[in-house]
Amino acid sequence: MELTRRGGELRLLDELLESVRRTRGAVALVTGSPGTGKSALLRAFAARAAAAGAPVLSACASPAEAELPLGVVSQLLSGAGHHGIPAAVHHGRQDVGEGQDGTQPQVLYDALRAAGPGQPVVVVVDDAHHTDEASARSLLYLCGRLTATDVLLVLGAQPRPSLSLPLAELLEHASCVRVPLQPLPEDGVAEFLGAPADGAMDTALAQRLAPDWHRFTGGNPRLLRGLLEDHRDCEPVRPARPVAGTAFRAAVAGCLRGAGTAVTRTARALAVLAEDATLTRLARFLAVPERTVSSRMERLDAVGLLDGGRLRHQGVRAAVLDGLSAEESALLHARAARVLYDDGAEPPVVAVHLIAAEAGETGESGDGRAAGSPAWAAPLLAEAAGHALRAGEAHRAAQFLRAAHRARGGGPLAGGPLAALVRAEWENDPASVIRHLPALERAPGSGASGLPGDPRAEGEQRAEAAGVLLWHGRHEQAARAVAGFGESAAVREVRAALGYVRPAPGGSPAVPDVNTAELVLDSIIHGHAPPPAVAAVLVALLYAGETERAAQWCALTAGAERVRGTPARRAVVFAAAAVVHTRTGLHGTGGEYAGRALALLSPGAWGVAVGMPLSAGVRSATARGMHEEAARLLRVPVPEAMFRTRAGAHYLLARGRHRLAVGRAQAALADFHACRDLMADWGAQPAQALDWRGPEAEALRPPGGMPDGDPMAVLTRAERRVAVQAAGGCTNRAIAARLYVTPSTVEQHLTNVYRKLRVKSRGDLANLVGARAAVGVS
């Protein structure tokens, strides 16, 4: 496996050894980037030469011994006695008389000449680019006199290393036969994967995986070996796609060690800057000339870690940064932030690095800012938050704003910065803003916005804060927040919401603008996140009971499943869809949407708006006879403030219907009367969705009784129309065609009719309709 596609190189070395037997000495230079199999090839050739009877002297240079004179030569001759070669070196120095230089270049040549004629001697030096200077001079001396020896000198080195004399002269010697190693091509990867070994892949699987694995590794055998180990560790289910696990990360680390510190630093700069890396930025990051960066990038590309000037994939990026301490990582990101800021990068791009740098810092600077925060960090983070909010990335916006606050030195949040943070947090999780409510009540919007260049005035900031207060049932505080702050659109929306969500006692309830509600819902569905105040208005408008616009509402909420964005936005859309579909008799669909809405946000996150999905869910479950489900929903905790709002009135009506359906008429009456009293306090008339009179009459009617002589007085208009048609003998499909509704709607209406009239068949229904005609009720 290690020697896949290396047969040609081995044959070339064998031919050189054979030529040494026949004629004279030779030198070969095997070059390959880290991980391409250079050392494996040298080991294999040394074993073949030894098996053929040739004495083999081996050494491996190391950067740690680069300053040790004759360290490599000492390795070569340490076992020379076993081959009849006198050891001319003792402890890395030549045994010479007093006054002689123990690092003279002829030391190796003299030792090999002393062996006398016979079998050719193979001298192998791996990682020759790390050879100490004295050994390099000795090897260079040998190269110039190979015609007088039976020596095959095989050097292994990385391609195009930047070296000083004499190493550069040695590795560029004119007599060197070049043996370059390249990464494996795609078909070579398939051969590698199918090579005989424990757990080897069959040929068909190897060929199927080869394209992905080649793109993942660039054909580097060491990276392939690590990837294969991770693949085998996934047993019993081996994934079809490459998995960059522990072994792969270790392989990347090994390649970087072989490439050297400077190349590793360049790889880390690439990993930190990611898609924002350019040659100029890398040069500034590393404080080196661009030509130096280009040279290092070429070496990374030769290893197989790059693709199009970027690290090949996230697995490589993670491996390059693996093992860094928190402090080291923070320094890299701080450096990246500085470089990008100086280069005029977009604020969100710089802000990401400021956040990452902050994560590895400890303590505070002398002026109270987070340690290491430059003076420009806070305004840039605030500006980045504005970008994120406009892009609908509420979580990131909140993260940036909190970091901006820390960069300013911390302390209590107030004014515009508080309003901006509250909006961002509300979008992601409305429950998270509860801790800010006291501060919003004290100073909902005074001061600068905290978002440089944002034109919103204090009135808009106060409206935004008031919307959050309204959402969480702080109605008086919301009213105070916008009192006396002009007539901007945002302020008008909050005041309208206040008048509709919780009308003033004895006043005239506000009439909701359904057109505005549709526009708001449309903006949510199509990706434009409204501020909390607008969402609060939407919650109120959905209870307007505008049944004549049911078709528009249904069409608008039909795309609820496709909504992407913040949890609050998706939850509001699902709750809207639940209300609309339940209101129009599609109880199955309405119940499903109610469940989705409640799953997205906790009851505390919903605030008083929790009545919206709960009412729809309870009404849907009751209509379908799923009384246990309705009871479960009614056990969800709700805030006491909800019962002073329109949402509370709908909740009471839905709960009363459930209690009536399970035979708890007195408890149901209590709910209906509570709804009646609440609406009376507001001066509102019972109508459409909040008409409690029909359910109340049903609760008051004794079994078998006919209030006012009309057995169908307890039915809604739509239910009465279906009941008359059914009593006349029409099928559900025929009724649906006559009334322009769906058969499922007819079935749901009939279920309600049977329950309310306490009948079990169409025959019983026909008798009641006949009794209605007998008493002259039209």
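This is a short walk through one predicted protein model.

Let's start with confidence. The mean pLDDT of the protein is 83. Of its residues, 81% reach 70 or more. Where is confidence highest, and where is it lowest? Helix H12, residues 279-286, is the high point, at 97. Strand S3, residues 89-90, is the low point, with a mean of 45. Two more stretches need a flag. Residues 446-456 have pLDDT below 50, yet the model gives this stretch 30 contacts beyond near neighbours in sequence. Residues 773-778 are also below 50, and that stretch has five such contacts. Keep one rule in mind. Where pLDDT is low, don't read the predicted coordinates in detail.

Next, a pair of helices. Two packed helices are described by the angle between their axes and the distance between those axes. Our pair is H11, residues 261-273, and H13, residues 290-303. The angle is about 85 degrees, and the axes are 9 Å apart. Angles of 65 to 115 degrees count as roughly perpendicular, so H11 is roughly perpendicular to H13. Who makes the contact? From H11 we have Ala262, Val263, Thr266, Ala267 and Leu270. From H13 we have Arg296, Met297, Arg299 and Leu300. What kinds of residues are these? Six are nonpolar, one is polar and two are charged.

Now the backbone. Most residues other than glycine have a negative phi, and most peptide bonds are trans. Here are some exceptions. Leu70 has a positive phi, near 60 degrees, and it is not a glycine. You'll find Leu70 in the loop between strand S2, 56-60, and helix H3, 71-77. Is Leu70 buried or exposed? Its relative accessibility is 0%, so Leu70 counts as buried. Asp127 also has a positive phi, near 50 degrees. Asp127 sits in the loop between strand S5, 121-126, and helix H5, 133-143. Then there is a cis peptide bond, joining Leu165 and Pro166, with omega of about 5 degrees. Pro166 lies in the loop between strand S6, 151-157, and helix H6, 167-171.

On to the cysteines. How many disulfides does a search of the whole structure find? Zero. Take Cys176 as a case. Which cysteine sulfur is closest to the sulfur of Cys176? The one in Cys143, at 5.6 Å. A disulfide needs the sulfurs within 2.5 Å, so that pair is too far apart for a bond. Cys176 is at 9% relative accessibility, so Cys176 counts as buried. Cys60, at 37%, counts as partly exposed.

Cys60 brings us to a neighbour, Gln75. Gln75 is in helix H3. It touches Ser58, Ala59, Cys60 and Glu65, leaving out residues up to four places away in sequence. Look at Ala59 in that list. Gln75 and Ala59 are 16 residues apart in sequence. In space, their C-alpha atoms are 5.3 Å apart. Gln75 has a relative accessible area of 27%, so Gln75 is partly exposed.

Last stop, another glutamine. Gln748 is in helix H37, residues 743-757. Is Gln748 buried or exposed? The cut-off for buried is under 20%, and Gln748 is at 17%, so Gln748 counts as buried. What does Gln748 touch, beyond residues up to four places away in sequence? Gly585, Leu586, His587 and Gly588.

Technical notes
Residues are numbered from 1 along each chain as its sequence is written. This is a predicted model: local features need pLDDT of at least 70, side-chain atom pairs count only at pLDDT 80 or more; totals for chains, interfaces and linings use all residues. Side-chain values use heavy atoms; hydrogens and water are left out. Helices (H or I, at least four residues) and strands (E, at least two) are DSSP runs, numbered from the N terminus. Buried means under 20% relative accessible area, exposed over 50%, partly exposed in between (1.4 Å probe, protein chains only). Contact means heavy atoms within 4.5 Å. Axes are lines fitted to C-alpha atoms, for helices over the stretch in contact, and angles run from 0 to 180 degrees between N-to-C directions. Angles under 35 degrees count as roughly parallel, over 145 as roughly antiparallel, 65 to 115 as roughly perpendicular and the rest as oblique. Ala, Val, Leu, Ile, Met, Phe, Trp, Tyr, Cys and Pro count as nonpolar, Asp, Glu, Lys and Arg as charged, and the others, Gly among them, as polar. pLDDT is the predictor's confidence in each residue, from 0 to 100.
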